[in-house]
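Colleague: Please take a close look at a single part of this model, the packing of its helices, and then set that part in the context of the strands.

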Amino acid sequence: MHEMAIAEGILNIAFDYAQQNNSSKINRITLQIGEMSGVEIEALNMSFEVLTKDTIAEGAELVVNHIPIVGVCNKCGKEFHIEHYNFFCPECDGILILKSGRELQVESLDME
Ligand SMILES: [Zn+2]
């Protein structure tokens, strides 16, 4: 499962950070996940629960901030929210260049 590997990566970052800060408990992990990252939040939550069992992150809250897919037109320079994977500018015949929406990163960690 794709999400299991993602959860593992996130937790590795969190555990490293906790160790560097002599923290003994992770309370909350906030993530930035782009609409286009293809991550299933439910599967991610499940993986997270399995992987945090008996660790300092057990019971930690997983907060997900969804980042919309935004493209910038290569002709008129305007920004648009991309829907249905339509990468053509609605106002001219330009092409929308992806600006955000692929994020998959830890935004913040709350620990004791
Ligand atoms: Zn345009």
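**Helix packing and its setting**

Modeller: The mean pLDDT of the protein chain (the predictor's confidence in each residue, from 0 to 100) is 95, and 99% of its residues reach 70 or more. This is a predicted model, in which local features need pLDDT of at least 70 and side-chain atom pairs count only at pLDDT 80 or more, whereas totals for chains, interfaces and linings use all residues. Residues are numbered from 1 along each chain as its sequence is written. Among the elements of the chain (DSSP runs numbered from the N terminus, helices being H or I of at least four residues and strands E of at least two), α1 has the lowest mean pLDDT, 95, and β3 the highest, 98.

Turning to the helices, α1, residues 2-20, packs against α2, residues 41-52, at an angle of about 55°, and their axes lie 8 Å apart (axes are lines fitted to C-alpha atoms, for helices over the stretch in contact, and angles run from 0 to 180 degrees between N-to-C directions). That angle makes α1 oblique to α2 (under 35 degrees is roughly parallel, over 145 roughly antiparallel, 65 to 115 roughly perpendicular, and the rest oblique). The crossing of α1 and α2 is right-handed (the near helix is turned clockwise from the far one by less than a right angle). On the α1 side the contact involves Glu3, Met4, Ile6, Ala7, Glu8 and Leu11, which meet Ala43, Leu44, Ser47, Phe48, Leu51 and Thr52 of α2 (contact means C-beta atoms, placed from the backbone, within 7 Å). By class, this contact has 8 nonpolar, 2 polar and 2 charged residues (Ala, Val, Leu, Ile, Met, Phe, Trp, Tyr, Cys and Pro are nonpolar, Asp, Glu, Lys and Arg charged, and the others, Gly among them, polar).

As for the strands, one open sheet of 3 strands runs in the order β2-β1-β6 with mixed pairing (strands pair if DSSP finds at least two bridges between them). Its edges are β2 (61-67) and β6 (104-111), each with a single partner strand, so one side of each is left without a neighbour in the sheet. Strand β1, residues 26-34, pairs with β6 in the antiparallel sense over 7 bridges, and Thr30 stands opposite Ser108 in β6. Helix α1 also packs on this sheet, where it touches β1 and β6, and its direction makes about 40° with that of β6.

Note on methods: Contact = placed C-beta atoms within 7 Å.
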